[in-house]
Amino acid sequence: MSEPLTVTFPPDSSLSQAHAPRHLRNKASSVAAKPATWRRALPLLWLLPFALLFGLFQLAPMIWVMVNAFQVDGHWSLANFQEIIDSPFYLQSFTNSIDLALWSSLLGLLIALAGTAALRQVPGKLQDMVVAFTTMASNFSGVPLAFAFIVLLGMNGALTLLLQEAGIVEGFNLYSRSGLIVLYTYFQIPLAILLLYPAFDGLQEDWRDAAALLGARPWQYWLRVVLPVLTPALLGTFIILLANALGAYASTFALMTSNYNLVTIQISALVAGDIFLEPQLAAALSLLLMIILLLVTAVNQWIISRSRYE
């Protein structure tokens, strides 16, 4: 007689795990969770180089400035800030810096607004070309920019001589407040265009047609429809331009050296000067400039949070 045929089935893993002891179930679940934990932590490893660079070149200098601004002869003191407040020379540097920043930011914003509005009306390929050129122009600064302005608008610059011969410009001096405003406005325009360009996406094409059907003229459409919608973007862009101008140094120093009193130039003179070397006073000036820029940035973030097109 043949033996009976027996068939065995593999044990159900869920049932076997359910009937397994508690300590074995906990161990199995912890082993299964380890790969997921490592996968979640792996992206943090890629942030280590960035965190190292950020700490060395951002946090460390900032901490050094904050500490040394309150140091005088190895002791904690507010004498550096008192010297700045009592000095008309340093107060003038802040006044000049804010004056240049305000005028160049305002002029750059107005020119960029008109340029961006015109740019949105041209075909798409030309828009891409202009935006690419604007991106490149926004990085053209420092010594090359100052040299270009000297060649074009200097005392014997090519464009200056042509304008003087045509009787358009008389007595223009690049090495003055008006010349610096022109220089600052130039490098503000590309940045303002790049910041305003996405804001125009919040304008609907049918708004213009609806305004025209209601009898609105073009200037009324811009005044009552476009500007209210773009107001948060305009204010935010203006504040960023203001911060950009307050921190400008290389172009101004290459053009004027120390002949114009600005905060950034005074900080450089106190840190790397051949005659006066006062790093603690320079740290105090830097801290005050940082506070101004921090306030400007805080206002910008508040405006962005209330922006209508986001």
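This is a short walk through the structure, one selection at a time.

**Before you click**

What you have open is a predicted model, where local features need pLDDT of at least 70, side-chain atom pairs count only at pLDDT 80 or more, and totals for chains, interfaces and linings use all residues. Residues are numbered from 1 along each chain as its sequence is written, and side-chain values use heavy atoms, with hydrogens and water left out.

**The whole protein**

Start with a cartoon view. You should find 13 helices and 2 strands; these are DSSP runs numbered from the N terminus, with helices being H or I and at least four residues, and strands being E and at least two. Of the 310 residues, 30% are buried. Here buried means under 20% relative accessible area, exposed means over 50%, and partly exposed is in between, using a 1.4 Å probe and protein chains only. Now for contacts, meaning heavy atoms within 4.5 Å. Among those between residues at least 6 apart in sequence, 70% join residues at least 24 apart.

**Stop 1: Asp-73**

Select Asp-73, in the loop between β1 (71-72) and β2 (75-76). Its phi is near 55°, a positive value in a residue other than glycine. Is Asp-73 buried or exposed? Its relative accessibility is 73%, so it counts as exposed.

**Stop 2: helix α3**

Move on to residues 79-86, helix α3, and show Asn-80, Phe-81 and Ile-84, which are buried. These three sit on the same side of α3, because they cover an arc of only 95° around the axis (the arc is that of the directions from the helix axis to the C-beta atoms). An α-helix has 3.6 residues a turn, so residues three or four places apart point the same way. Then turn to the other side of α3, where Ile-85 and Asp-86 are exposed.

**Stop 3: α4 against α10**

Next come two helix pairs and then a third. Two packed helices are described by the angle between their axes and the distance between the axes. Axes here are lines fitted to C-alpha atoms, for helices over the stretch in contact, and angles run from 0 to 180 degrees between N-to-C directions.

Select α4 (residues 88-119) and α10 (residues 218-246): they pack at about 140°, with axes 9 Å apart. α4 and α10 are therefore oblique to each other. For the cut-offs, angles under 35 degrees count as roughly parallel, over 145 as roughly antiparallel, 65 to 115 as roughly perpendicular and the rest as oblique. The crossing of α4 past α10 is right-handed; that label applies if the near helix is turned clockwise from the far one by less than a right angle, and left-handed if anticlockwise.

Show side chains to see who meets whom. The α4 side includes Ile-98, Leu-102, Leu-106 and Leu-109, and the α10 side includes Trp-222, Leu-230, Phe-238 and Leu-241. By class, the residues of this contact divide into 16 nonpolar, 4 polar and no charged. Ala, Val, Leu, Ile, Met, Phe, Trp, Tyr, Cys and Pro count as nonpolar, Asp, Glu, Lys and Arg as charged, and the others, Gly among them, as polar.

**Stop 4: Gln-127 and α5**

Gln-127 is in helix α5 (residues 124-138). With 10% relative accessibility, Gln-127 counts as buried. What is Gln-127 in contact with, leaving aside its neighbours within four places in sequence? Pick out Leu-119, Arg-120, Gln-121, Val-122 and Tyr-197.

Stay on α5 and add α8 (residues 177-196): their axes come within 8 Å and cross at roughly 135°. This crossing is left-handed. In α5, Val-131, Thr-134, Thr-135, Ala-137 and Ser-138 meet Pro-190, Leu-191, Ile-193 and Leu-194 in α8. That contact has 6 nonpolar, 3 polar and no charged residues.

**Stop 5: α6 and α7**

Finish with α6 (residues 143-153) and α7 (residues 158-165), which pack at about 30° with axes 3 Å apart. That makes α6 roughly parallel to α7. Val-151, Leu-152 and Leu-153 of α6 make the contact with Ala-158, Leu-159 and Thr-160 of α7. The classes here are 5 nonpolar, 1 polar and no charged.

One last click: Leu-161, also in α7. At 41% relative accessibility, Leu-161 counts as partly exposed. Not counting residues up to four places away in sequence, Leu-161 touches Met-155 and Asn-156.
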